[in-house]
Amino acid sequence: MPAQPAILSGGLAVSHPLTEILVAGRWRRGGGEPLDTVDPATGKVLATVHSASADEVDEAARAAARAAADPAWRELLPHQRARLLYRIAELTEDAADELAATQTADTGKTLTETKALALSAAGTFRYMAAALETAEETLTPSRGAYVTMSVHEPIGVVGAINPWNSPVASDAQKVAPALAAGNAVLLKPAAWTPLVSLALGRVITRALTELDLPTALLSVLPGSGRVVGDAVVRHPLVGRIGFTGGTETGRSIAAIAGEKLIPASLELGGKSPTIVRADADLEQALAGVMFGIFSSSGQSCIAGSRLFVAREIHDEFVSELVSRVRKLRVGPGTDPDTQVGPLVHHKHRDSVAAYVDLARSEGAEVLCGGGAPEGPEYRDGAYYLPTVLTGLPNSSRTCQEEIFGPVLVTLPYDDEDDLVRQANDSVYGLACGIWTRDHRAAWRLARRIDAGTVWINTYKQFSASTPFSGMKDSGLGTEKGRDAIRAYQRQKSLYWGTSDAPLPWAN
């Protein structure tokens with residue numbers, strides 16, 4: 001392994017190779033354009049990673065196909081493949097502090113969050129290993145003189161394309177079930193945040209080497225979606241795509257997958273409603289609403305960005321909410337007191353700011369935030385204050401379009417039918433939060449709201465064992481859960497004849 005120079009982020013030393021990517025099981029400098037990864041807390045360049053070229057994607061795909069077909073991998077029994085995933089989980093836990101520091105440097109997230117994400121990634125590999133060990137094939141009911149069985153086999157080479165907001169956890173959610181299913185993986189991290197995916201690639205490569213398995217089972221190919229992502233999706237050897245990102249890019253990937261007649265899972269955007277009924281535990285709801293939108297600096301597809309509050313308590317609740325939001329501590333992710341870190345990139349900060357300007361032009365009242373924090377400690381970073389808006393109809397662009405930042409818009413509602421109508425009046429259907437003491441109302445609302453995940457008196461809780469999916473423009477297909485492994489496999493039916501009678505035309 002080459003020397004690992006230090007990266008400094010807010011005084012925190014992070015060890016990581018600066019330029020090498022993983023192509024066909026080998027670490028080397030990429031042949032594509034250089035990518036400067038920037039510390040969003042300081043604006044300083046952390047590292048320059050040379051992206052993969054289209055030719056390197058082709059090389060990686062061909063090597064992956066050979067690795068997937070290698071008897072050393074292809075003929076492993078499920079419990080033997082599970083050994084690899086268990087080992088990756090152990091090594092990921094061992095490297096959790098380094099993975100967390102790397103992700104904080106690259107994304108600006110707080111160390112508390114990135115440590116949790118690293119451990120979540122380890123948990124995902126461990127869960128998929130256990131699910132693989134206990135997976136069963138099916139003897140289907142016979143309808144004649146034969147025995148029938150349904151079995152599942154690897155697809156071969158799959159592509160995994162992930163965004164910049166939670167790289168290590170998103171990587172595990174795709175790589176773990178894909179390897180469990182017996183495939184090889186081409187992983188493309190976001191161009192802004194490749195470092196932690198490359199670090200996870202070293203963990204996985206070490207596990208493959210220790211178990212004497214083909215290292216070309218994983219390639220980590222940073223670069224732009226226009227070059228690397230497109231090359232992965234269009235490659236003829238890639239038989240499945242897992243994508244997390246923007247809805248328009250998801251549509252393009254779905255169109256290519258349709259042309260190739262290959263499956264794709266797409267986790268896309270969201271504009272999730274969070275609902276506070278008049279009977280809610282208000283202390284619990286206040287904390288939950290703030291966490292739901294302002295943790296991760298709002299850079300989360302499931303962020304509770306539309307707040308619906310019963311009209312009779314709306315003004316009082318929002319007033320108290322704003323008072324508490326103003327006290328949230330904004331700073332670098334390396335500071336243990338920070339609650340809201342910088343946005344991932346200055347360009348993204350400018351995009352969020354443009355949306356708040358749009359809200360003002362639409363008639364919004366900015367109750368707090370609405371700009372970058374002042375002070376020399378914030379001058380060079382991609383910071384934006386937690387922002388609460390009010391006075392807009394749900395039909396406004398601010399209420400309909402995904403901002404992906406620390407921006408919350410409040411809307412009163414009159415009754416349950418009015419609430420459901422407004423909450424479902426969105427092209428998205430990813431998540432929802434409900435705050436109420438009435439379990440019957442919670443059940444009704446949870447079933448009436450168009451969302452793949454509904455949290456009741458909690459928010460942003462996740463389990464590797466529970467499927468995650470979206471409705472409408474929020475996505476296609478499912479991640480997590482036992483069935484995630486089957487989603488990376490092909491089903492095959494087997495028939496055994498049991499009759500001694502001659503078949504038709506036997507003579």
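**Notebook: a sheet, a helix and some salt bridges**

I began with one residue pair and noted that Met149 has Leu494, in β26, as its bridge partner. The model I am reading is a predicted one, and I keep that in mind throughout.

I then followed the strands around that pair, and found that β8 (residues 146-154) and β26 are joined by nine bridges in the antiparallel sense. They belong to an open sheet of three strands, ordered β7-β8-β26, with antiparallel pairing. At the edges I found β7 (138-140) and β26 (489-497), each of which pairs on one side only, and from one strand to the next the twist averages 30 degrees.

Next I looked up helix α14 (residues 416-424), where seven of the nine residues are buried, among them Leu419, Val420 and Ala423. The elements that cover these buried residues include β15 (306-310), β18 (407-413) and α15 (439-448). At the start of α14, I saw that a side-chain oxygen of Asp415 comes to within 3.3 Å of the backbone nitrogen of Asp417.

Last, I turned to the salt bridges, of which the structure holds 30. One of them joins the side chains of Arg28 and Glu56 at 3.5 Å, N to O; because Arg28 lies in strand β4 (residues 26-29) and Glu56 in helix α1 (residues 54-69), the pair ties together parts 28 residues apart in sequence. I noted that Arg28 is partly exposed, with a relative accessible area of 25%, whereas Glu56 is buried, at 7%.

In helix α8 (residues 225-234), Asp230 and Arg234 are four residues apart, so about one helical turn separates them, and their closest N and O atoms are 2.8 Å apart in a salt bridge.

Notes. Residues numbered from 1 in each chain as written. Predicted model: local features only at pLDDT ≥ 70, side-chain atom pairs only at ≥ 80, totals over all residues. Heavy atoms only, no water. Pairing = 2+ DSSP bridges. Helix = DSSP H or I, 4+ residues; strand = E, 2+ residues; numbered from the N terminus. Axes fitted to C-alpha atoms, helices over the stretch in contact; angles between N-to-C directions. Buried < 20%, exposed > 50% of the residue type's maximum accessible area, 1.4 Å probe, protein only. Contact = heavy atoms within 4.5 Å. Polar contact = N/O pair within 3.5 Å; in protein donor to acceptor, adjacent residues only side chain to side chain. Salt bridge = Lys/Arg side-chain N within 4 Å of Asp/Glu carboxyl O.
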